[in-house]
Amino acid sequence: MLTEIHKTSRMGAALEFLSRYHTDGEDFLNRIVTGDETWVAHVNAETKQQSLAWGHTGSRTLLRKARQTLSSRKLMVTVFWDAQRILLIEFMTRGTTINSEVYCRTLKKLKRAIQNKRRGLLSSGVVLLHDNARPHTAVRTGVVFRKFKWDVFQHPPYSPDLAPDFHLFTAMKKWLGGQHFADDEELKNAVTHWLKSQAASFYARRKW
C-alpha cells in the first residue's frame, strides 16, 4: 500500500512531467533517454497466449502442458533507448553485480553511444529516465550525472506509470516466450537483433 509520502512523491513527479511537456512539448520528449536491466534466459517458458491451442471440438481451450524445466542459465542485459532507436545494449559478464561502479562505467559507454548515434542530443541536453535502484541513486552515480550535465528525471518508488522498461521489456519477453538458445552467444545475438530490428515507431510508442 502506498504511503502518503509515496503518493505525494508520485503526484509531484507527474506534475513536473506535465509541466515540462507543456513548456517544451515534443522537444522535451525527444530528449528523454531511458533504460533498465533485465534477465534473459537460455530457455523461456511459453506465454499464456502461446499456450493456447485449438481443441478437437473447434473451441480454443487452454491445454495443460507438462511442466517445463526452465534453464537456470541466464544473462543480465542493460538496454538504453530513446524515441528513435536503441542506443546501448550491454550484456553483463555472468557473476557481475551491478553496483554504482559498474553502472557508472555503463553510463560512460552510453554517453559515447549518444555521441555516435544521436548527434546534437548531448548539446541540447539529455533527460535521463531510470528507476530508483540503489546503483542509480548512489553518490558516485550522481557525480557522473553532474559531470555530464544530464537532467535526471525523478522516478518515485512504486510508480509503474513512469517505469522506463514497461513497454520495451514487456514486448521483448513476449517475443522470447517458447524460445530456446544453445549458448550465451546465440542468446546475445538473438536479443540484440530483435532490439535493433524494431522500427522507430515501436520506440516512439512510449508509455508516457
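This passage walks through the sheet, the salt bridges and the surface patches of the structure above.

The structure is a predicted model, in which local features need pLDDT of at least 70 and side-chain atom pairs count only at pLDDT 80 or more, while totals for chains, interfaces and linings use all residues. Residues are numbered from 1 along each chain as its sequence is written, and side-chain values use heavy atoms, with hydrogens and water left out.

Start with the sheet. Five strands make up an open sheet with mixed pairing, in the order E5-E4-E1-E6-E7. Here helices (H or I, at least four residues) and strands (E, at least two) are DSSP runs, numbered from the N terminus, and two strands count as paired if DSSP finds at least two bridges between them. In general, strands of a sheet pair through backbone hydrogen bonds, in either a parallel or an antiparallel way. The edges of this sheet are strand E5 (86-91) and strand E7 (151-152), each of which pairs on one side only.

At the E5 edge, strand E4 (residues 74-81) and E5 run antiparallel, paired over 5 bridges. A hairpin of 4 residues takes the chain from E4 to E5, and Trp81 sits opposite Ile86 in E5. Despite being an edge strand, E5 is mostly covered, with 6 of its 6 residues buried. Buried means under 20% relative accessible area, exposed means over 50%, and partly exposed is in between (1.4 Å probe, protein chains only). At the other edge, strand E6 (residues 127-129) pairs with E7 in the parallel sense over 2 bridges, and Leu128 faces Val152 in E7.

Now for the charges. The structure holds 9 salt bridges, a salt bridge being a side-chain nitrogen of Lys or Arg within 4 Å of a carboxyl oxygen of Asp or Glu. Among them is a linked network of Glu16, Arg20 and Asp151. Glu16 and Arg20 both belong to helix H1, 4 residues apart, or about one turn of the helix, and their closest N and O atoms are 4.0 Å apart. Asp151 also bridges to Arg20, this time with closest N and O atoms 2.7 Å apart. Asp151 is in strand E7 and Arg20 in helix H1, so this pair ties together parts that are 131 residues apart in sequence. Arg20 is buried at 18% relative accessible area, whereas Glu16 is partly exposed at 32% and Asp151 is partly exposed at 27%.

Another salt bridge joins Lys188 to Glu185, with the closest N and O atoms 3.7 Å apart. These two are 3 residues apart in helix H9 (residues 184-197), about one helical turn. Lys188 is partly exposed at 25% relative accessible area, as is Glu185 at 46%.

On to the surface. Patches are made of residues with over 30% relative accessible area and no salt bridge, joining like charges within 9 Å and nonpolar side chains (Val, Leu, Ile, Met, Phe, Trp, Tyr) within 5 Å. Lys108, Arg112, Arg140 and Lys147 form a positive patch, to which helix H4 (100-117) and helix H7 (139-148) each give two or more residues. Lys and Arg count as positive and Asp and Glu as negative, with His and the chain ends not counted; a charge is placed at NZ of Lys, CZ of Arg, CG of Asp or CD of Glu. Arg112, found in helix H4, is partly exposed at 47% relative accessible area. A nonpolar surface patch brings together Met11, Leu15 and Leu18, with about 320 Å² of accessible area together. Such areas come from the Shrake-Rupley method with a 1.4 Å probe, and for residues only the protein chains shown count as cover.
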